[in-house]
Amino acid sequence: MESSLNIDKQIQWFKHGITEGYINYYNYNEFKNIRVISYGTFGRVYQATWNSSNTIVALKSFENNNFVMIEIINEIKLLHKVCSHTNIIKFFG
């Protein structure tokens, strides 16, 4: 039961981040030339071109389960902590 509460709390944090704007949300139609470049433990990684800036980015697609959701949220929190370091991959949303 406690594990379920922690998952719910993490998901609420994630949704709140999108609502409040500190986690950006993008639709897939904002990208072109999308192609699979890798398969990871939790899903697929794609290379795409971001339409608005013509920048090549990596898109991650995840399985929808509670364990994966916790891992995604942990990764996002870590990336937010170190986002100003030049050697860290940038998290756009």
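**Close-up views of a predicted model**

Of the chain's 93 residues, 22% count as buried. The model shown in every view is predicted.

**View 1. Order of the elements along the chain.** The chain holds two helices and three strands. Read from the N terminus, the order is α-β-β-β-α.

**View 2. Contacts and surface of the chain.** Take the contacts between residues at least 6 apart in sequence: 32% of them join residues at least 24 apart. The exposed area of the chain is about 7100 Å². Carbon and sulfur atoms supply 54% of that area.

**View 3. The aromatic cluster.** Three aromatic pairs are counted. Tyr26 and Phe31 form one edge-to-face pair. Their ring centres lie 6.4 Å apart, and pairing requires centres within 6.5 Å. Their planes stand at 75°, and over 60 degrees counts as edge-to-face, so the pair is classed that way. Ring pairs also bring in Trp50, so that Tyr26, Phe31 and Trp50 are linked into a cluster.

**View 4. Cover over the Tyr26 and Phe31 side of the cluster.** Phe31 has a relative accessible area of 11%. Buried means under 20%, so Phe31 is buried. Tyr26 has a relative accessible area of 25%. That value falls between the 20% and 50% limits, so Tyr26 is partly exposed. The edge-to-face pair thus joins a partly exposed ring residue, Tyr26, to a buried one, Phe31.

Methods:
Residues numbered from 1 in each chain as written. Predicted model: local features only at pLDDT ≥ 70, side-chain atom pairs only at ≥ 80, totals over all residues. Heavy atoms only, no water. Helix = DSSP H or I, 4+ residues; strand = E, 2+ residues; numbered from the N terminus. Buried < 20%, exposed > 50% of the residue type's maximum accessible area, 1.4 Å probe, protein only. Contact = heavy atoms within 4.5 Å. Areas by Shrake-Rupley, 256 points an atom, 1.4 Å probe, with all protein chains shown as cover. Phe/Tyr/Trp six-rings, centres within 6.5 Å; stacked < 30°, edge-to-face > 60°.
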